Structures are given as C-alpha cells and as structure tokens.
Amino acid sequence: MSRLNDRLYTAPAALEAFDLATFPDSEEGRLGGNAFLAPGDLAYFEETLRRLRPEGSGPLVDLGCGRGALGRHLAERLGIPLVGVDTSALALEQASLASTTVRARWVNCDFAALELETGGAAAAISLDGIHLAVDPRAMLREVARVLMPGAPLLFTVSVPR
C-alpha cells in the first residue's frame with residue numbers, strides 16, 4: 001500500500017504547480033499541502049476544534065496527513081502536539097522535514113490499526129483520508145478507540161457527482 005501511495009509524493013514539480021493553478025483558492029495548497037480545502041474550511045476546522053476538543057494535553061491526530069500541512073497548521077494554532085498518520089512512508093519523510101513549533105510525531109501504519117494509545121487523542125482530522133482506508137468502517141472504529149471521550153473527528157470526503 002505504501003508504494004502505491006508514495007507515487008502521490010514523487011510527482012514532478014510541474015504537476016504540483018498545475019494543482020495550485022487549478023485550485024488557486026485552496027487553503028490547503030497555500031499551506032503546502034496537496035489536497036483541497038474550500039475557502040473558509042480552514043477557519044471552520046480551527047473554530048470547531050477549539051470549541052469541541054476536550055481539555056487535556058492529548059494530540060491532534062491527522063489521518064492521511066500526507067506531508068502534514070493541515071495537521072501542522074492546526075496543531076500550531078491550537079498549541080497542541082500532532083500525530084500525523086499516513087500509509088506513505090515517503091510523505092511522512094517529507095512531513096518530518098518541515099519546520100514546526102509543536103511536538104510532531106509521524107506514524108506509518110494502516111488506518112484500521114493505529115499505533116496510538118486508547119483514549120489519548122484530543123481530536124482527529126482527515127482530509128479525504130477515508131478513501132485511502134482499506135476498510136473505512138474499521139478505520140472509524142479505530143479512530144473512536146484512540147479519541148478521548150467526546151473528542152471530535154472532522155473529516156472531508158470526495159463525493160462523485
């Protein structure tokens with residue numbers, strides 16, 4: 001699975017420039033990510049996480065984090081640790097090279113077998129990551145396991161027309 005997803009992160013620079021030109025308003029693209037957020041989504045994610053995450057020192061978990069742009073930005077804004085999870089070892093290597101002001105850990109594993117403590121995460125986000133899961137239901141059960149009681153899961157998903 002990792003080798004297949006690694007191809008997303010070996011694209012020529014011209015392809016990434018095309019992505020940014022195609023989605024010039026993408027807030028995720030401006031952060032250095034390779035996914036798509038509509039205008040206002042970034043503020044919505046931050047506001048919702050501020051309002052709903054339980055008190056405590058648990059991390060923000062970013063499922064399908066890729067290069068970690070979204071999770072890193074939100075963790076920095078919230079002042080909490082970050083755990084980025086992806087099936088691409090190459091993406092995680094690239095994520096680890098980006099500077100950040102928060103404690104960040106990068107985990108290469110299947111979303112249905114998260115190598116995280118039960119009930120320890122303050123929140124989870126996933127930008128279209130659910131489509132990378134081999135078994136989306138197993139992924140959601142696993143996310144429920146690692147979240148603190150009452151902790152939010154914010155995710156986007158592509159819906160074909």
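Right after helix H5 comes Gly79, with a positive phi near 70 degrees. Keep in mind that this is a predicted model. Here's a quick tour of H5 itself, how helix H4 packs against it, and what goes on around Thr156.

**Helix H5**
- H5 covers residues 69–78, and the helix is mostly covered, with 7 of its 10 residues buried.
- The buried ones are Ala69, Leu70, Gly71, Arg72, Leu74, Ala75 and Leu78.

**How H4 and H5 pack**
- Two packed helices are described by the angle between their axes and the distance between those axes.
- For H4 (residues 41–52) against H5, the angle is about 45 degrees and the axes sit 11 Å apart.
- That angle makes H4 oblique to H5.
- The crossing of H4 past H5 is right-handed.
- On the H4 side, the contact uses Leu42, Phe45, Glu46, Leu49 and Arg50; over on H5, the partners are Leu70, His73, Leu74, Arg77 and Leu78.
- Sort the residues of that H4–H5 contact by type and you get 6 nonpolar, 1 polar and 3 charged.
- Leu70, Leu74 and Leu78 turn up twice here: they meet H4, and they are among the buried residues of H5.

**Around Thr156**
- Thr156 belongs to strand E5, which runs over residues 153–156.
- Its side chain makes a polar contact of 2.9 Å with the side chain of Asp128.
- Skipping neighbours within four places in sequence, Thr156 is in contact with Phe45, Ser126, Leu127, Asp128 and Ile130.
- Phe45 links the two topics: this H4 residue takes part in the contact with H5 and also touches Thr156.

Conventions. Residues are numbered from 1 along each chain as its sequence is written. This is a predicted model: local features need pLDDT of at least 70, side-chain atom pairs count only at pLDDT 80 or more; totals for chains, interfaces and linings use all residues. Side-chain values use heavy atoms; hydrogens and water are left out. Axes are lines fitted to C-alpha atoms, for helices over the stretch in contact, and angles run from 0 to 180 degrees between N-to-C directions. Helices (H or I, at least four residues) and strands (E, at least two) are DSSP runs, numbered from the N terminus. Angles under 35 degrees count as roughly parallel, over 145 as roughly antiparallel, 65 to 115 as roughly perpendicular and the rest as oblique. A crossing is left-handed if the near helix is turned anticlockwise from the far one by less than a right angle, and right-handed if clockwise. Contact means heavy atoms within 4.5 Å. Ala, Val, Leu, Ile, Met, Phe, Trp, Tyr, Cys and Pro count as nonpolar, Asp, Glu, Lys and Arg as charged, and the others, Gly among them, as polar. A polar contact is a pair of N or O atoms within 3.5 Å; within protein, one must be able to donate a hydrogen and the other to accept it, and residues adjacent in sequence count only if both atoms are side-chain atoms. Buried means under 20% relative accessible area, exposed over 50%, partly exposed in between (1.4 Å probe, protein chains only).
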